[in-house]
Amino acid sequence: AYRNFYSIYWLYHDSHAYANVLPSEPAAGYLDAGKLVFAEEAHIDARRGMGFKDGSTYCVAPVVDAATSSVQFWAAGVNCCSRGKFECDDAWDEKAHAGLVLRQHSWHPQYALAVKQAAAAFGLATAKNPIFVEWVVDPEKVEMNYWMLGNGILIGSCLISLVISALVNVVLLRFTAPPEAQAFATRP
């Protein structure tokens with residue numbers, strides 16, 4: 001529960017959030033970000049989406065606005081694209097203008113290879129160290145979902161442990177009770 005949910009929740013909870021981010025601004029100014037809410041004119045250029053296949057398909061698409069000359073931010077996901085088509089996370093939702101930053105330890109180096117392919121295929125200029133984001137409508141809601149899923153797994157695990165402990169207790173008491181206690185238990 002901690003590794004898959006709580007650690008991600010705390011990562012986003014404790015990191016900086018920025019609003020009204022222009023995709024044409026240098027990504028270097030947002031290296032400490034956990035959540036980015038882009039300006040209204042920002043969107044994913046899904047037509048320039050690209051995937052790098054290495055077992056799974058590692059997908060990227062540029063986050064752009066009218067002034068973007070060099071792509072600084074890339075939406076990323078796994079197994080949700082084909083060449084010229086990007087459908088990861090909330091990319092299909094026109095209300096989506098935010099991203100949860102994929103930290104260096106949580107994104108795959110294959111995303112960088114997909115960026116190189118997209119840059120070569122579509123003639124895109126890109127930052128040397130772009131920021132990869134999970135494109136979402138509401139980053140706060142996604143953050144809370146990690147918290148709730150962690151709580152659900154923790155509580156569920158505790159309940160399962162309680163039931164197993166109770167069953168083991170009943171079985172052990174039945175077979176390890178002194179003979180007079182067993183006779184008393186079976187007496188009508």
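**Polar contacts, aromatic pairs and nonpolar cores**

The side chain of S15 reaches the backbone nitrogen of G34 at 3.4 Å, and the backbone oxygen of L11 at 3.0 Å, where a polar contact is a pair of N or O atoms within 3.5 Å, of which, within protein, one must be able to donate a hydrogen and the other to accept it, and where residues adjacent in sequence count only if both atoms are side-chain atoms. The model is predicted, so that local features need pLDDT of at least 70 and side-chain atom pairs count only at pLDDT 80 or more, whereas totals for chains, interfaces and linings use all residues. Residues are numbered from 1 along each chain as its sequence is written, and side-chain values use heavy atoms, with hydrogens and water left out.

S15 lies in the loop between α1 and β1 (16-21), helices (H or I, at least four residues) and strands (E, at least two) being DSSP runs numbered from the N terminus. With a relative accessible area of 17%, S15 is buried, a term that denotes under 20% relative accessible area, with exposed over 50% and partly exposed in between (1.4 Å probe, protein chains only). Beyond its neighbours within four places in sequence, S15 is in contact (heavy atoms within 4.5 Å) with D32, A33, G34 and R103.

Eight aromatic pairs are present in the structure, a pair being rings of Phe, Tyr and Trp (its six-membered ring) whose centres lie within 6.5 Å, with planes under 30 degrees apart counted as stacked, over 60 as edge-to-face and the rest as tilted. One of them joins Y6 and W147 edge-to-face, at 5.2 Å centre to centre and 65° between the planes; because Y6 lies in helix α1 (residues 2-14) and W147 in helix α3 (residues 139-176), this pair ties together parts that are 141 residues apart in sequence. Y6 is buried at 10% relative accessibility, whereas W147 is partly exposed at 27%. One aromatic cluster is formed by Y18, Y30, F38, F73 and W135.

The largest nonpolar core, a set of buried Ala, Val, Leu, Ile, Met, Phe, Trp, Tyr and Cys residues joined through side-chain atoms within 4.5 Å, holds 24 residues, of which V60, W74, A76, L102, Y111, F132 and Y146 touch the most other members. Helix α2 supplies the largest share of this core, five residues. Apart from it lies another core, of 22 residues, including Y30, V63, C88 and A96.
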